[in-house]
Amino acid sequence: MSIWKLTTCVVVLLAAAARQGAAQDTKFGTETNPLVVSGFAVGLSRYDRNLAQSAALGSKLALSLFRPWSDQLYFFGQLTTHLEAADSGPPGTAIEIDNLIINWTPAHLSTLSLSFGRFDAPIGFERDDEPLNLIPTTSFTFENARPVKFTGLMARYTLNPKISVLGMIANGWDQVADNNSGKTAGFKLQVFPSSGLAVAGGVFYGPERDSTNGSPRTLFTGDATWQPVQRLILQAEAHRGSEAGTDWTGVVGQAFWRAGRSTAVTVRGEVMDDPDGVRTGTAQKLSSLTISPWYFYREAQEGVFSNVEFTSFRLPAFSIRPAVRIDHSDQPVFEKKDGSLVRSNVTALVELVYLF
């Protein structure tokens with residue numbers, strides 16, 4: 001059975017189970033808390049100037065399951081099927097558990113929330129799920145300067161409406177299973193100085209190398225989201241990491257402007273400095289500029305894929321997001337069609353995102 005047929009069967013079976021569960025799950029004769037099935041699909045077409053190569057892909061399909069057992073306890077899981085580039089030949093298809101979270105809020109302490117499982121790293125504004133991003137490519141900073149996923153325990157505590165703190169202990173950066181006997185710990189402070197503004201800073205520390213607890217890694221991180229007016233969203237994040245006498249820095253910022261009811265444009269710029277080559281494999285300073293106009297319609301349903309965090313912008317159910325990305329390095333790292341390396345590249349792409 002092909003992977004696409006298998007994925008289709010899983011979707012159909014889970015949807016049927018959700019309908020049956022919703023019909024049968026009753027309490028004192030009334031329906032309560034049915035399983036909610038949602039997700040998204042992504043299609044991508046891109047052209048690489050250096051390679052003089054174009055490709056069109058149905059690149060990702062994600063299925064999300066949400067089940068609140070009570071006002072204090074819920075489950076969220078996400079299974080993602082995506083295309084994975086191979087060193088040679090056509091890309092392969094991979095299926096992974098993207099998120100798997102059990103969240104508990106004590107009945108008499110509603111300001112505390114505990115999450116256990118696999119979750120997005122509580123860092124920055126970029127995410128690995130396309131609907132949650134305002135631009136159709138991830139930055140060098142997202143890919144190299146900081147973690148994307150953690151598996152472990154995370155606690156959030158709201159001190160007051162303007163201040164919250166977060167603590168976390170987990171496996172290492174992007175590790176599904178622990179790669180050593182140590183743990184990575186993190187602390188983050190989130191403040192809301194005014195309406196529409198969220199600012200955060202934190203530190204993460206722990207051993208990240210395979211089979212050893214030596215040479216622990218430290219990451220200082222900060223991010224901000226500001227929506228000064230309804231149509232404008234400004235976001236930024238910065239990271240400073242170090243490990244075993246090496247260090248790196250990543251800074252990225254973007255602006256999203258909603259020009260009309262169904263149109264918008266996002267501009268993103270970044271600098272990723274890796275002077276020792278520990279994160280990118282080459283001692284270099286990378287930079288990029290991406291411009292992406294949008295066309296979209298209809299708002300998404302309530303749930304995890306409903307709005308951009310800390311903003312009032314509701315994610316569209318369907319969007320077309322073309323983009324032009326200009327990348328540059330102070331070293332020749334971008335491959336050309338003839339196999340030579342140059343210092344810059346331009347990529348044009350069109351991404352289609354559908355939420356269901």
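Where is R298 found? Keep this in mind as you go through the close-up views below, which come from a predicted model.

**Figure 1. Two residues with a positive phi.** R298 is found in strand 16, which covers residues 284-299. Its phi is positive, about 65 degrees, although R298 is not a glycine. Most residues other than glycine have a negative phi. R298 counts as exposed because its relative accessible area is 64%, and the cut-off for exposed is over 50%. S215 also has a positive phi, near 55 degrees, and is likewise a residue other than glycine. Look for S215 in the loop between strand 11 and strand 12. With 30% relative accessibility, S215 counts as partly exposed.

**Figure 2. The second largest pocket and its lining.** Here we visit a pocket with a volume of about 1200 Å³. Its lining is made up of 42 residues, and those nearest the centre of the pocket are D120, R127, R156, V304 and E309. Several elements give two or more residues to this lining, among them strand 5 (73-84), strand 9 (163-170), strand 10 (184-194) and strand 12 (217-229). What kinds of residues line the second largest pocket? There are 20 nonpolar, 15 polar and 7 charged residues in the lining.

**Figure 3. Strand 7 and its two partners.** Is strand 7 largely enclosed or open? Strand 7 is largely enclosed by the rest of the structure, because 7 of its 9 residues are buried. Strand 6 runs antiparallel to strand 7, and 5 bridges join the two. At one of these places, W104 has L114 in strand 7 as its bridge partner. Strand 8 is also antiparallel to strand 7, joined to it by 9 bridges. Here you can find G117 standing opposite G152 in strand 8.

**Figure 4. Strand 20, a strand with two faces.** Follow strand 20 through residues 344-355 and you will see its side chains alternate. N345, T347, L349, E351, V353 and L355 point to one face and are buried. S344, V346, A348, V350, L352 and Y354 point to the other face and are not buried. Strand 3 (residues 36-48) runs antiparallel to strand 20, with 9 bridges joining them. A41 stands opposite Y354 in strand 20. Strand 17 (residues 316-329) pairs with strand 20 as well, in the antiparallel sense and over 11 bridges. There, A323 has L349 in strand 20 as its bridge partner.

**Figure 5. Aromatic rings that pair up.** How many aromatic pairs does a search of the whole structure find? The search finds 13. In one pair, the ring centres of F150 and F204 are 6.1 Å apart and the planes are at 15 degrees, so this pair is stacked. This pair links distant parts of the chain, with F150 in strand 8 and F204 in strand 11 (residues 197-206), 54 residues apart. F150 and F204 are both buried. Elsewhere, ring pairs link F256, W294, F296 and F313 into a cluster.

**Figure 6. Arginines over tryptophan rings.** Let us finish with two arginines. R217 lies over the face of W173, at 4.5 Å from the ring centre. R279 has its charged end over the ring of W248, 5.5 Å from the centre of that ring.

Methods
Residues are numbered from 1 along each chain as its sequence is written. This is a predicted model: local features need pLDDT of at least 70, side-chain atom pairs count only at pLDDT 80 or more; totals for chains, interfaces and linings use all residues. Side-chain values use heavy atoms; hydrogens and water are left out. On a 1 Å grid over the protein atoms alone, a cavity is a set of points where a 1.4 Å probe fits but cannot get out, and a pocket is an open set with protein on both sides within 12 Å along at least five of seven lines; lining residues have an atom within 4 Å of a point. Grid points are joined across faces, edges and corners, and a volume is the space filled by probe spheres set on the points. Helices (H or I, at least four residues) and strands (E, at least two) are DSSP runs, numbered from the N terminus. Ala, Val, Leu, Ile, Met, Phe, Trp, Tyr, Cys and Pro count as nonpolar, Asp, Glu, Lys and Arg as charged, and the others, Gly among them, as polar. Rings of Phe, Tyr and Trp (its six-membered ring) pair if their centres lie within 6.5 Å; planes under 30 degrees apart count as stacked, over 60 as edge-to-face and the rest as tilted. Buried means under 20% relative accessible area, exposed over 50%, partly exposed in between (1.4 Å probe, protein chains only). A charge sits over a ring if NZ of Lys or CZ of Arg is within 6 Å of the ring centre and within 35 degrees of the ring normal. Two strands pair if DSSP finds at least two bridges between them.
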